[in-house]
Amino acid sequence: MLVLVAPGQGAQTPGFLAPWLDLPGAADRLSGWSAAAELDLAHYGTKADADEIRDTKVAQPLLVAAGLLSAGELGITPDAVAGHSVGEITAAVLAGVLSAEDAMTFVAARGRAMADAAAVTETGMSAVLGGDPDAVVAHLTALGLTPANINGAGQIVAAGTMEQLAALTADKPEKARVMPLKVAGAFHTAHMAPAVSTLEALAPSLKVADPALPYVSNADGEVVSSGADVVRRLVAQVSNPVRWDLCMEAFKNRGVTAIIEVSPGGTLVGLAKRALPGVRTLALKTPDDLDAARVLVAEHGAPAAAEDAAE
């Protein structure tokens, strides 16, 4: 049983999209998505520096576009899909809930709205590595921080004001390390409430279908069968924690034997290697990884003449 997963913000690196754009038809697809997002995604994915693509307004559409390009080249129907944070929008397209164009319109609005919300108060995020998970969550709560990403495999991301994060650095949970993250704000917390309102207003304009395959939500690890519910969750997750630990638990319970992470892959398969021993993993970093991915599909899932994710 094979699941296709899509990474969240922070996975992007300068120039990572360049090799994908050498593939036939890829530049044309990206051009259409750039129009929907009102961004020059080819420029940002090939020529922009790290600071430019760290911008929330740029990073989020760029990640969804990369995920769709790489999944389209792989050309399979997986047994399930899931995404981490903004990666859930990629997963929604792969499940047939949203068209690629509607997804790009939605993610561009999400990125702009979250950037605007982050500008209201100086906030940020720090990764807490190690320690007892329950004790870490209690410690963060006592400091007024939100456990914004509970990723499993000994990783929890704290979010809040810079003063709260400084207090965390000075007073770490027992047996844990704290690593500040280079992000623009406290994503997946109450600080993002204005962005939720923006997306709630946009949601009725989207053409929505029920998932054509199991869609595992990062809100709670549940499989969502209603397209309307998927979109509701996409809106709500902006200000609510990501429970990737529950997604991985769901993979285990469903008997998943292999995980492929779409471009720019690496983060989620890294978590899976620690949390799901015995599950085969592969990250689509460049087109050179496609052949190995197809071998993995042949062993763990059935290739299908799936509808191209770009269409």
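These are my notebook entries on the pocket, the cores and the sheet of a predicted model.

**Entry 1: the pocket**

I looked up the largest pocket first. Its volume is about 720 Å³. I then listed its lining, which has 32 residues. Gln9, Gly10, Ala11, Leu181 and Val183 lie nearest the centre of this pocket. Next I asked which elements each supply at least two residues of the lining. I found two helices, α3 (50–54) and α12 (267–275), and the strands β3 (123–130), β4 (146–152), β5 (155–161) and β6 (176–180). I also sorted the lining by class: 17 residues are nonpolar, 13 are polar and two are charged.

**Entry 2: the cores**

I turned to the nonpolar cores. In soluble globular proteins, nonpolar side chains tend to be buried together. Here the largest core holds 79 residues. Leu17, Trp33, Leu98, Tyr215 and Ile260 have the most contacts inside it. Helix α6 (residues 100–118) gives the most to this core: 11 residues. A second, separate core has 20 residues, among them Ile259, Leu271, Ala272 and Val279.

I picked out Leu17 for a closer look. Which residues does Leu17 touch, leaving aside those up to four places away in sequence? I noted Leu30, Leu41, Gly45, Thr46, Leu62, Ala66 and Leu69.

**Entry 3: the sheet**

I traced an open sheet of six strands. Their order is β8-β7-β2-β1-β9-β10, and the pairing is mixed. At the edges I found β8 (223–224) and β10 (280–283), each pairing on one side only. I followed β10 to its partner β9 (residues 258–261); these two pair in the parallel sense over four bridges. Glu261 has Ala283 in β10 as its bridge partner.

How values were computed
Residues are numbered from 1 along each chain as its sequence is written. This is a predicted model: local features need pLDDT of at least 70, side-chain atom pairs count only at pLDDT 80 or more; totals for chains, interfaces and linings use all residues. Side-chain values use heavy atoms; hydrogens and water are left out. On a 1 Å grid over the protein atoms alone, a cavity is a set of points where a 1.4 Å probe fits but cannot get out, and a pocket is an open set with protein on both sides within 12 Å along at least five of seven lines; lining residues have an atom within 4 Å of a point. Grid points are joined across faces, edges and corners, and a volume is the space filled by probe spheres set on the points. Ala, Val, Leu, Ile, Met, Phe, Trp, Tyr, Cys and Pro count as nonpolar, Asp, Glu, Lys and Arg as charged, and the others, Gly among them, as polar. A nonpolar core is a set of buried Ala, Val, Leu, Ile, Met, Phe, Trp, Tyr and Cys residues joined through side-chain atoms within 4.5 Å. Buried means under 20% relative accessible area, exposed over 50%, partly exposed in between (1.4 Å probe, protein chains only). Contact means heavy atoms within 4.5 Å. Two strands pair if DSSP finds at least two bridges between them.
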